[in-house]
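Hello,

Here is the structure I promised to pass on to you. Please have a look at it first, and then read on for my notes.

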Amino acid sequence: MSKEDKFIGAKTILNEYIESQNMRKTPEREAILNVVLKMDGHHSADYIHSLMPEDFRVSRVTMYSSLQLFAKIGLVYCHPRDGATLYENAYGVEPHHHYICSECGKMFDLHDSSLTNVAMQAKTPRFTKQSSFTYIYGQCAKCKAKIARWHKASKRLESLSATAHSITDRKKEDNDNHIKQKVTKRK
């Protein structure tokens, strides 16, 4: 699907919803939708706001309300993170799961239909499932390597510190012995 086809399809969904709810069509919503459809990854509303064309001013209130509308009609996925929400383009993107690095906070996509199947097959009385997202927390490869380097350096420092203490203890012992010898000679 070309970027233009993607925008037309998403715009059609938005316009049909707006018309069905007797809402007003605005150029701001379309501009925000265009930015969202072009982005990759998971971003805050403030970051998406920063991607807006400079000649097109959009208030933060309009940004947040538009993103919530897009989520409601399935054009964006919302991911709650640390008291904020990250948004991800959902148009033409299958629901999927995520790895989240506990060290750097980066979110990675995980496409595994078996997780979705388990969640959707679970019995949930008096509850109609629409979709599922799983967040798996751990360490990304970069952070794991960084932590391993830190541990290795820390062990080297411990070893050097122990050696330094040993040398200091020997010098102190030698000094104490020297003082004892002087005291013994004076007597």
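His-42 counts as buried, because its relative accessibility is 15% and the cut-off for buried is under 20%. You will find His-42 in the loop between α2 and β1, the strand of residues 43-44. Please keep in mind that this is a predicted model.

What does His-42 touch, once its neighbours within four places in sequence are left aside? The contacts of His-42 are His-79, Leu-86, Tyr-87, Glu-88, His-98, Met-107 and Asp-109. One of these, Tyr-87, is 45 residues away from His-42 in sequence, yet the two C-alpha atoms are 5.3 Å apart in space.

Tyr-87 also leads us to another residue, since it turns up in the contacts of Tyr-64. Leaving aside neighbours within four places in sequence, Tyr-64 is in contact with Ala-45, Asp-46 and Tyr-87. Tyr-64 sits in helix α4 and is partly exposed, with a relative accessible area of 37%. If you would like one more distance to check on screen, try Tyr-64 and Ile-48: they are 16 residues apart along the chain, and their C-alpha atoms are separated by 10.0 Å.

Now to the helix pair that I looked at. Helix α2 covers residues 27-38 and helix α4 covers residues 60-72. They pack at an angle of about 65 degrees, with their axes 10 Å apart. An angle from 65 to 115 degrees counts as roughly perpendicular, so α2 and α4 are described as roughly perpendicular to each other. Their crossing is right-handed.

Which residues make this contact? From α2 come Glu-28, Arg-29, Ile-32, Leu-33 and Val-36. From α4 come Thr-62, Met-63, Ser-66, Leu-67, Leu-69 and Phe-70. By type, the residues of the contact divide into seven nonpolar, two polar and two charged.

Ser-66 is worth a click while you are there. This residue of helix α4 counts as buried, because its relative accessibility is 2%. Apart from neighbours within four places in sequence, Ser-66 is in contact with Arg-29 and Ile-32.

Two loop residues also caught my eye for their backbone angles. Asn-22 is not a glycine, yet its phi is positive, near 55 degrees. Asn-22 is in the loop between α2 and α1, the helix of residues 3-20, and with 74% relative accessibility it counts as exposed. Arg-126, which is not a glycine either, has a positive phi of about 55 degrees. Arg-126 lies in the loop between α5 (113-121) and β6 (135-138), and at 86% relative accessibility Arg-126 counts as exposed.

Finally, here is the chain as a whole. How many helices and strands does the protein chain have? There are six helices and six strands, and along the sequence they follow the pattern α-α-β-α-α-β-β-β-β-α-β-α. The protein chain has 187 residues, and 26% of them are buried. Its accessible surface comes to about 13,600 Å², with 53% of that belonging to carbon and sulfur atoms. Among contacts with a separation of 6 or more, 50% are between residues 24 or more positions apart.

I hope you enjoy exploring it.

Best wishes

Key. Residues are numbered from 1 along each chain as its sequence is written. This is a predicted model: local features need pLDDT of at least 70, side-chain atom pairs count only at pLDDT 80 or more; totals for chains, interfaces and linings use all residues. Side-chain values use heavy atoms; hydrogens and water are left out. Helices (H or I, at least four residues) and strands (E, at least two) are DSSP runs, numbered from the N terminus. Buried means under 20% relative accessible area, exposed over 50%, partly exposed in between (1.4 Å probe, protein chains only). Contact means heavy atoms within 4.5 Å. Accessible areas come from the Shrake-Rupley method with a 1.4 Å probe; for residues, only the protein chains shown count as cover. Axes are lines fitted to C-alpha atoms, for helices over the stretch in contact, and angles run from 0 to 180 degrees between N-to-C directions. Angles under 35 degrees count as roughly parallel, over 145 as roughly antiparallel, 65 to 115 as roughly perpendicular and the rest as oblique. A crossing is left-handed if the near helix is turned anticlockwise from the far one by less than a right angle, and right-handed if clockwise. Ala, Val, Leu, Ile, Met, Phe, Trp, Tyr, Cys and Pro count as nonpolar, Asp, Glu, Lys and Arg as charged, and the others, Gly among them, as polar.
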